[in-house]
Amino acid sequence: MFVCLGNICRSPMAELVFCDMLKKAGRESEFVVQSSATSDENVWNGVGSPVYPPICKLLQAKGISCVGKRAQVLTKAHGEEFDLLICMDDSNVRNARRIVGEINAHKCVKLLSFAGESGNVADPWSTRDFEMAYADIKRGLDGLLKQL
Ligand code: 4NP
């Protein structure tokens, strides 16, 4: 489960790119991959927002479709269901741990830790630099796939 604040930029990008990588590696049947938000800002009356258009455009250029992906909020039950809750930054880790509780707090890790880095994925909501977020996410996902 990839986790960010709004589930319309970073974590859906990680989900969709990782699914594409798994498909190309012939390993998609081995994993359940989703993404979710620590806030409910992008879910209205139970309906999640689609992926942020600039992210869709970037992914489309790489042959990856965002069609059908809608924001969802991370729940305590996800903490039971998933083996890893892979967060984009420190505040996501703090919030995700609060949501899933102490018993599954150890599952909340940062994506870039799989690349051997201690930093956060650049937040394109504030930087407006979508390629930089993609580059960070791809480094983390390459390390993750290697580890899996
Ligand atoms: P994300 O980016 O956490 O990467 O999906 C954001 C999207 C929306 C908001 C903040 C961050 N927002 O404040 O609505």
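**Ligand environment and aromatic pairing**

In the predicted model, an N or O atom in the side chain of Arg10 is placed 2.7 Å from an oxygen atom of the ligand. The backbone also contributes: a polar backbone atom of Gly6 lies 2.8 Å from a ligand oxygen atom, and for Cys9 the distance between a backbone N or O atom and an oxygen atom of the ligand is 2.9 Å. The protein buries 89% of the 350 Å² that the ligand exposes when taken alone.

The ligand occupies the second largest pocket. Its surroundings consist of Cys4, Leu5, Gly6, Asn7, Ile8, Cys9 and Arg10, together with Glu41, Asn42 and Trp125. By residue class, this shell comprises five nonpolar, three polar and two charged residues. Gly and Asn count as polar, and Glu and Arg as charged; Arg10 and Glu41 therefore belong to the charged class, whereas Gly6, Asn7 and Asn42 belong to the polar class.

Aromatic contacts were examined separately. A pair of aromatic rings is described by the distance of the centres and the angle of the planes. Three aromatic pairs are present in the structure. One of them is formed by Phe2 and Phe18, with a centre-to-centre distance of 5.8 Å and an angle of 75 degrees between the planes. This pair is classed as edge-to-face because its interplanar angle is over 60 degrees. Phe2 belongs to strand β1 (residues 2-4) and Phe18 to helix α1 (residues 10-24). With 16 residues separating Phe2 from Phe18, the pair links distant parts of the chain.

Conventions: Residues are numbered from 1 along each chain as its sequence is written. This is a predicted model: local features need pLDDT of at least 70, side-chain atom pairs count only at pLDDT 80 or more; totals for chains, interfaces and linings use all residues. Side-chain values use heavy atoms; hydrogens and water are left out. A residue is near a molecule or strand if one of its heavy atoms lies within 4 Å of it. A polar contact is a pair of N or O atoms within 3.5 Å; within protein, one must be able to donate a hydrogen and the other to accept it, and residues adjacent in sequence count only if both atoms are side-chain atoms. Accessible areas come from the Shrake-Rupley method with a 1.4 Å probe; for residues, only the protein chains shown count as cover. On a 1 Å grid over the protein atoms alone, a cavity is a set of points where a 1.4 Å probe fits but cannot get out, and a pocket is an open set with protein on both sides within 12 Å along at least five of seven lines; lining residues have an atom within 4 Å of a point. A molecule sits in a cavity or pocket if more than half of its atoms lie within 2 Å of its grid points. Rings of Phe, Tyr and Trp (its six-membered ring) pair if their centres lie within 6.5 Å; planes under 30 degrees apart count as stacked, over 60 as edge-to-face and the rest as tilted. Helices (H or I, at least four residues) and strands (E, at least two) are DSSP runs, numbered from the N terminus.
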